[in-house]
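Here's a quick briefing to read with the structure open beside you. Take a moment to turn the model around before you start on the bullets.

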Amino acid sequence: MAAALTLLCYLLALALVVVGVMGLAFPGALSGLYGVRVDDDASHSFVRAASIRDVAIGIVMAIAAYAHVLLLLITLTVIGVAISFADFAIVYNARGKRIGASHAGHAAGAIAFIVALAMALFAVGR
């Protein structure tokens, strides 16, 4: 497997784990990334659920990159693209169908996952 693909997958995994841990520790602050800042404990459950999802995917992606399991990396990058677009749509609808700065992280995530997917599919074709 290409070193660049492995590095990109490690970086994606690290970003997911960092964002996930931040969401678990500071759900009120991270809720702003979804376009709706929430400050009550009951509303933090959505942010914590998304954070646990991100940590889990990040850990599995790091393990798959370390073990060079290309099919699992392809699967995880497809899931990452879908989640990034879904999160982008959540922010878009929550902000009254306006594009704002809170969209940037989800758009960047989608682009990074698409690049990783393209690299993984290219590695399959070799």
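What follows goes from the whole protein to one pair of helices and then to a single residue. Keep in mind that this is a predicted model. The protein has five helices and zero strands, so if you trace the sequence from start to end you read α-α-α-α-α.

**The whole protein**

- The C-alpha trace spans about 50 × 30 × 15 Å along its principal axes.
- The radius of gyration is 15 Å, which agrees with the value near 14 Å for a compact globule of 126 residues.
- Of the 126 residues, 37% are buried.
- Take the contacts between residues at least 6 apart in sequence: 66% of them join residues at least 24 apart.

**Helix 4 against helix 5**

- Helix 4 covers residues 70–94, and helix 5 covers residues 104–125.
- The two helices pack with their axes 8 Å apart, at an angle of about 160°.
- Helix 4 is therefore roughly antiparallel to helix 5, since an angle over 145 degrees counts that way.
- If you look at how they pass each other, helix 4 makes a left-handed crossing with helix 5.
- On the helix 4 side, the residues in contact include Leu70, Ile74, Val78, Val81, Phe85 and Phe88.
- On the helix 5 side, look for residues including Ala110, Phe113, Ile114, Leu117, Ala120 and Leu121.
- Sorted by type, the residues of this contact come to 18 nonpolar, five polar and one charged.
- Gly80 in helix 4 and Gly109 in helix 5 are also among the residues that meet here.

**His68, in a loop**

- Where does His68 sit? You'll find His68 in the loop between helix 3, residues 44–67, and helix 4.
- Is His68 buried, exposed or partly exposed? His68 counts as partly exposed because its relative accessibility is 45%, and that class lies between the 20% and 50% cut-offs.
- The phi angle of His68 is near 55°, so to speak a positive value in a residue other than glycine.
- Ala2 and His68 are 66 residues apart in sequence, and their C-alpha atoms are 9.5 Å apart in space.

Note on methods. Residues numbered from 1 in each chain as written. Predicted model: local features only at pLDDT ≥ 70, side-chain atom pairs only at ≥ 80, totals over all residues. Heavy atoms only, no water. Helix = DSSP H or I, 4+ residues; strand = E, 2+ residues; numbered from the N terminus. Buried < 20%, exposed > 50% of the residue type's maximum accessible area, 1.4 Å probe, protein only. Axes fitted to C-alpha atoms, helices over the stretch in contact; angles between N-to-C directions. Parallel < 35°, antiparallel > 145°, perpendicular 65-115°, else oblique. Left-handed = near helix turned anticlockwise from the far one by under 90°. Contact = heavy atoms within 4.5 Å. Nonpolar A, V, L, I, M, F, W, Y, C, P; charged D, E, K, R; others polar. Rg over C-alpha atoms; globule rule 2.2 N^0.38 Å.
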